[in-house]
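Got a moment to walk through a model together? Have a look at the fold below, and then we'll go through it by question and answer.

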Amino acid sequence: MDWRLFEKRLHQRTETEHIPGAAVAVSKNGEIIYYKGFGVKDLESMEPITPKTIFGIASVTKSFTALAIMKLEEEGKLSLHDPVIKYIPEFHIPNIDPIESIKIHHLLTHTTGLAPMERSEELNQFHEHLTYLAETNHDILGEPGEFLSYCNDTFLLLGAIIERLTGRLFRRYITEELLYPLQMHRSTLSIEEISKLDDVSTPYVYNPEKERYEKQCWPTLGNYEVGGGIRSNVLDLLKYGGLYVNQGEVFISKKQLEKMWQPYVQINRNSFYGYALEITPKYHGVTLVEHSGGQPGVSSNFGFIPEQKLVVAVLTNTSEVPAKDIWLELVNTALGLPIEEKRSVEPTLELTEERKQGFVGTYQSNEGTCLQIVFENGSLKAKIENKVFSLRASDKSTLVITDYEKPIRFYFNQKNETWAAFFGLRMLIKTDGH
């Protein structure tokens, strides 16, 4: 395999997309076939990134939590189809009745029916979060199982279930039952432990207005560590991926593991969501299984191809980096495909001006995402975080960010008016028509 084109493209990205440092690694059949660090882990010391450099992995953490739940099910301690209140009797969401309709399966697939919520990272114990869920009015999208919408606040309840079933702190259970057996010795949920380790990256956010990087503190996260608290490195993540491609048996069976990457809920034309993993089933004859992550100072993507026993990890120390694209370029290189090959390419459909006008509006979530669709000079455009992107239609309810082949699916009410947009795995509710 020739990695020179990949390296050339990543070096270009570090300049154009403001990436201080990145680490990548690839293994096949349990053997590491490529690993490398790019850039620096700290802009003051200018120390180079190495494959052992520790980064945040953000929402890649979710698959560890899902794996823990799968392990507990195999041990007979729960069923994925049990109602959440069986293990958390005080669980309550206003306007969801009966509450028994929300199952563990819905937490794992982000299909509880809840829209994304305002984050409350000061909450550090699960009983506090249960109070927050019960005493605050939340946007309800529909019945459990009806809509996929990423919701960290319900996913973290899996951590509460783990604690109640095992009698151990969530982070202790994950460390002792998953990280230790997989020999992930440079992976941790403890910020204090990070301060005692060497070769640790500094998280940055790039400020385009001031044209400079701004150093970030490691986020404490509180209860959200269940979905985003692990810090790790690409070599440890290869060990983790090895569990999946070698079909388990370290502490969980092949049959149980494979449940995690079944296509339970459709994301777009070609991709699905499983248990804390995204699946693209028909990618040049193989299956892409992956998950990305993002936090202030973190962009990550991890995944594997079970048919090829291929594991790929990408970690960076800045926000808003297209780690998914870097990951796919590594996969394409390893598979001998053109490096620019996409997961899917949406078709193009010409719409009437009236239909185009129907998409216009502001769509947002309480978590903070805001998407504006505007119609200017006969063309639709998306405004996201002060950036403007050109759009085209791929069907009557889907617009595509052309530069990235990223679809935005819209939902219509009985009056044929848009009420929500599915973007970035989140349902964003329409707030106006302008």
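What follows is a short round of questions and answers on this predicted model.

Q: Which helix gives the most residues to the largest nonpolar core?
A: Start with the core itself, which has 90 residues, with Leu-67 and Phe-91 touching the most other members. Among the helices, the one that gives the most to this core spans residues 234–245 and puts in 8 residues. That's helix α10.

Q: Which residues does Phe-91 touch, not counting those up to four places away in sequence?
A: Phe-91 is one of the two residues that touch the most other members of the largest nonpolar core. Set aside the residues up to four places away in sequence, and the list of what Phe-91 touches is Val-84, Ile-85, Ile-99, Ile-102, Leu-130, Leu-133 and Leu-157.

Q: How many residues are in the other core, the one with Val-26 and Phe-38?
A: Apart from the largest nonpolar core, with its 90 residues, lies another core. Leu-288 and Val-321 are also among its members, and its size is 25 residues.

Q: What is the bridge partner of Tyr-204 in β5?
A: Strand β4 covers residues 204–207 and pairs with β5, residues 212–215, in the antiparallel sense over 4 bridges. The two form a hairpin with 4 residues between them, and Glu-211 in the turn has a positive phi of about 50 degrees. Within β5, the partner of Tyr-204 is Lys-215.

Q: How many charged residues are in the lining of the second largest pocket?
A: This pocket has a volume of about 310 Å³. Its lining counts 18 residues, and the closest to the centre are Asn-124, Arg-171, Gly-222, Asn-223 and Glu-225. Helices α7 and α9 each supply at least two residues of that lining. Split by type, the lining has 7 nonpolar and 5 polar residues, and the charged ones number 6.

Q: What covers the buried residues of α7?
A: The buried residues in question are Phe-170, Tyr-173, Ile-174, Thr-175, Leu-178 and Leu-179. The elements that cover them include α2 (61–74), α6 (157–166) and α9.

Q: Is Thr-398 buried or exposed?
A: Thr-398 sits in strand β17, residues 398–401. Leaving aside neighbours within four places in sequence, Thr-398 is in contact with Glu-346, Arg-392, Ala-393, Pro-407, Ile-408 and Arg-409. The C-alpha atoms of Thr-398 and Ile-408 are separated by 5.6 Å, though the two are 10 residues apart along the chain. The relative accessible area of Thr-398 is 6%, and the cut-off is under 20%, so Thr-398 counts as buried.

Technical notes: Residues are numbered from 1 along each chain as its sequence is written. This is a predicted model: local features need pLDDT of at least 70, side-chain atom pairs count only at pLDDT 80 or more; totals for chains, interfaces and linings use all residues. Side-chain values use heavy atoms; hydrogens and water are left out. Two strands pair if DSSP finds at least two bridges between them. A nonpolar core is a set of buried Ala, Val, Leu, Ile, Met, Phe, Trp, Tyr and Cys residues joined through side-chain atoms within 4.5 Å. Buried means under 20% relative accessible area, exposed over 50%, partly exposed in between (1.4 Å probe, protein chains only). Contact means heavy atoms within 4.5 Å. On a 1 Å grid over the protein atoms alone, a cavity is a set of points where a 1.4 Å probe fits but cannot get out, and a pocket is an open set with protein on both sides within 12 Å along at least five of seven lines; lining residues have an atom within 4 Å of a point. Grid points are joined across faces, edges and corners, and a volume is the space filled by probe spheres set on the points. Ala, Val, Leu, Ile, Met, Phe, Trp, Tyr, Cys and Pro count as nonpolar, Asp, Glu, Lys and Arg as charged, and the others, Gly among them, as polar.
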